[in-house]
Amino acid sequence: MAIFLLLLLLLLLVSAVSGDEDAYIGVNIGTDLSDMPTPTEVVALLKAQRIRHVRLYDADQAMLLALAKTGIQVTVSVPNDQLLGIGQSNATAANWVARNIVAHVPATNISAIAVGSEVLTALPNAAPILVSALKFIHSALVASNLDDQIKVSTPHSSSIILDSFPPSQAFFNRSWDPVMVPLLKFLQSTGSYLMLNVYPYYDYMQSNGKIPLDYALFRPLPPNKEAVDANTLLHYTNVFDAVVDAAYFAMSYLNLTNIPIVVTESGWPSKGDSSEPDAIVDNANTYNSNLIKHVLNNTGTPRHPGIAVSTYIYELYNEDLRPGSDSEKNWGLFDANGIPVYTLHLTGADTVFANDTTNKTFCIAKRGADPKMLQAALDWACGPGKVDCSPLLLGHPCYEPDNVASHSTYAFNAYYQRMAKSPGTCDFKGVATITTSDPSHGSCIFPGSSGKNGTLINGTSLAPSSNDTSSARPPQSYGTGSFTTSVMIGVLLTGAVFL
């Protein structure tokens, strides 16, 4: 009977940690970009990449509205600069929830709130009110009957874990016990999870050569190279699993063993400065590709095999405005135009991220481009550029929206597709840019919208013919063009309005 009860207890603990859902991959969406895509463009990219989970670093209203009715699960955040006010006032927390949560559900599928970010290490003066902030936010959710749907937690840097290898000896920095103990009890009592940021790149960089690069990148290791926890005899084949298990053991050290872990940030930079030789595209591709497969296969960790460790990749876009070294600006999977920094190797794990985005590119007018320059480029494309601009005529499918930016986008893309997306054919004196978001709308189907060159528009092939002798690049100056008067009247020199 004693053995039976022990087995039942273990089964209940595993069930509590694992939950009912399979692991998922999400992405973090930062905003430190000089040319930040619009919320509509961000959502279009998410849909194209089949990304179903995102984490925002704030509760941007336009972004939440754009995510409405998409089904995408959203983690919103209380920024660190709002933490003190919320942690000191139940009313402030209630107002925040009313404005940023209640106003958007159920249309926007908000599933979690991240209260602050790495508060213990980045904003230690706010640590004393961190648990109060979580409790006040949760109380506001309870009052709105949203506490079952939306979980509340706070992301931690893995640096709060000391002696992380072997994992079985790991423990949280004891100076934070007055915060961590009530925080973990709160997560346990509300059915929430520990949010943890895991960066094997930094562990590797700071190890002074002790951590092999292959071990950090999930590359296969021979058995004699695997790290073995001498206390548990568990074998570790990668840094990620070791850090996650260190967190599990650190919680068990505090007698809390049934709190799941969600990794809220993990990734690898694709570019670095001279002191960061391993911040390169190949390593970033290898790490993120292997991470995605590892998570989606529900591999779990050596301590909890098969138990989901859902993970958010840091991050969706490169952030060129982030301060610090080159690597700080280059964690993204895509640039600001939605062009992949690299193509992930995801054979066998194709439930998220489309691998062929580089073949599905379109040329559009840049946001904020000078209307006069757009008009000149439009004239050239529809004249010397030999683009069939008849769909832009009054009464035709692409006449609306009737403005220079929209019409230019159609003409630029038609030329770009006609020239087989050759380098330099989407510039137009700097007023055009490439995107992976299909600009087609309603009955206006843009050339290339099927992902193939030579799309038929009104019976005219836009693929370059074998006897086409026109230049593959637009000339450096634009003539008056031969755009018909009726189309010219339909193009308004108003502000740049984009689809």
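**Helix α8 and the open sheet**

In this predicted model, Gly191 adopts a positive phi of about 70° at a position just after helix α8. The helix itself comprises the 14 residues 177–190, which at 1.5 Å a residue should span 20 Å, and this agrees with its end C-alpha atoms, which are 20 Å apart. The buried residues of α8 are Val179, Met180, Leu183, Leu184, Phe186, Leu187 and Thr190. Seen down the axis of α8, these buried residues fall within an arc of 155°, so they line one face of the helix. Pro178 and Ser189, by contrast, are exposed on the other side of α8.

The strands considered here belong to an open sheet of 9 strands, in which pairing is parallel and the order is β5-β4-β3-β2-β1-β13-β12-β9-β6. The edges of this sheet are formed by β5 (151–153) and β6 (155–157), each of which pairs on one side only. From one strand to the next, the twist averages 25°. At the β6 edge, β6 and strand β9 (residues 194–197) run parallel and are joined by 3 bridges; within this pairing, His156 has Leu196 of β9 as its bridge partner.

Helix α8 packs on the sheet, where it touches β5, β6 and β9, and its direction makes about 170° with that of β5. Helix α12 (residues 281–296) also packs on the sheet, touching β1 (25–29), β12 (261–266) and β13 (311–313), and the direction of α12 makes about 160° with that of β13.

Notes:
Residues numbered from 1 in each chain as written. Predicted model: local features only at pLDDT ≥ 70, side-chain atom pairs only at ≥ 80, totals over all residues. Heavy atoms only, no water. Helix = DSSP H or I, 4+ residues; strand = E, 2+ residues; numbered from the N terminus. Expected span 1.5 Å × (residues − 1). Buried < 20%, exposed > 50% of the residue type's maximum accessible area, 1.4 Å probe, protein only. Arc of directions from axis to C-beta. Pairing = 2+ DSSP bridges. Axes fitted to C-alpha atoms, helices over the stretch in contact; angles between N-to-C directions. Contact = heavy atoms within 4.5 Å.
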